[in-house]
Amino acid sequence: MDSHKIAIGQRLRMIRLRMGISQNLFARALNTAPNHICQIERGRCVPGSRLLCLMREQFGIDITWLLSGHSASTTSSLLKREIAALVADYDRADANGKAFLIYTASFLAEGKDQKPGTIPTKKTGR
């Protein structure tokens, strides 16, 4: 069996037991079969996106932690370090490099085609 699947199953079982909920009640609340929860907890399969969303909505389960073993706050601190590194790169860049970084970031954020050399503006819903 895949050790990643086993780890996910162990974390799910630990959460469910801490909540004091049987597999049957847990499955019913998530609109799935108790056998499916059993299979996940035994490391035979992993929950799909729909089930993960329901776990978060119904029980407040930290999906990042469930899948990776790292909490969302750990992920958040990694993101903060990546942002700090990007800002440092921006600070070291010359004027052309800074303009290119701004253009690229704006293009990616908006997901639209822009003319080179222009900085996309945010559109309002008016």
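**Entry 1: a pair in helix H6**

Why are Arg92 and Asp89 separated by about one helical turn? I looked this up first in the model, which is a predicted one, and I found that the two residues are three residues apart in helix H6, which covers residues 72–92. I then checked their side chains and noted that Arg92 and Asp89 meet in a salt bridge, with 2.3 Å from N to O. For the surroundings I looked up accessibility: Arg92 is exposed, because its relative accessible area is 64% and the cut-off for exposed is over 50%. Asp89, at 37% relative accessibility, counts as partly exposed.

**Entry 2: the other salt bridge**

How many salt bridges does the count come to? I wrote down two, and next to the pair in helix H6 I entered Arg16 and Glu41, whose side chains meet at 2.6 Å, again taken from N to O. This pair links distant parts of the chain, since Arg16 belongs to helix H1 (residues 3–19) and Glu41 to helix H3 (residues 34–41), and the two are 25 residues apart. I also asked myself whether Arg16 and Glu41 are buried or exposed, and I recorded that Arg16 is buried and that Glu41 is buried as well.

**Entry 3: the chain as a whole**

I stepped back to list the elements, and I counted seven helices and zero strands in the protein chain. Reading from the N terminus on, I wrote the order as α-α-α-α-α-α-α. I also noted that the protein chain has 126 residues, of which 21% count as buried.

**Entry 4: a patch and a charge by Tyr90**

On the surface I found a nonpolar patch formed by Tyr90, Leu101 and Ile102, which together have about 210 Å² of accessible area. I placed Leu101 in helix H7, which covers residues 95–110, and I noted that Leu101 counts as partly exposed because its relative accessibility is 36%, which lies between the cut-offs of 20% and 50%. I came back to Tyr90 for another reason: the charged end of Lys98 sits over the ring of Tyr90, 5.2 Å from the ring's centre.

**Entry 5: another charge over a ring, and aromatic pairs**

Over which ring does the charged end of Arg11 sit? I found that it is the ring of Trp65, with the charged end of Arg11 lying 5.9 Å from the centre of that ring. When I looked for rings that pair with each other, I noted that the structure holds one aromatic pair.

**Entry 6: the cysteines**

How many disulfides does a search of the whole structure find? I entered zero, and I then looked at Cys45, which is in no disulfide and whose nearest cysteine sulfur, that of Cys38, is 9.4 Å away. That distance can be set against the cut-off for a disulfide, which asks for two cysteine sulfur atoms within 2.5 Å. I recorded Cys45 as partly exposed, with a relative accessible area of 21%, and Cys53 as partly exposed too, with a value of 32%.

**Entry 7: a residue in a loop**

Where is the place of Asn31? I located Asn31 in the loop between helix H2 (23–29) and H3, and I looked up its backbone angle, finding that phi of Asn31 is near 55°, a positive value in a residue other than glycine. I noted this angle because most residues other than glycine have a negative phi. Finally I recorded that Asn31 is exposed, with a relative accessible area of 64%.

Note on methods
Residues numbered from 1 in each chain as written. Predicted model: local features only at pLDDT ≥ 70, side-chain atom pairs only at ≥ 80, totals over all residues. Heavy atoms only, no water. Salt bridge = Lys/Arg side-chain N within 4 Å of Asp/Glu carboxyl O. Helix = DSSP H or I, 4+ residues; strand = E, 2+ residues; numbered from the N terminus. Buried < 20%, exposed > 50% of the residue type's maximum accessible area, 1.4 Å probe, protein only. Patch = residues over 30% accessible without salt bridge, like charges linked within 9 Å, V, L, I, M, F, W, Y side chains within 5 Å. Areas by Shrake-Rupley, 256 points an atom, 1.4 Å probe, with all protein chains shown as cover. Phe/Tyr/Trp six-rings, centres within 6.5 Å; stacked < 30°, edge-to-face > 60°. Lys NZ or Arg CZ within 6 Å of the ring centre and 35° of its normal.
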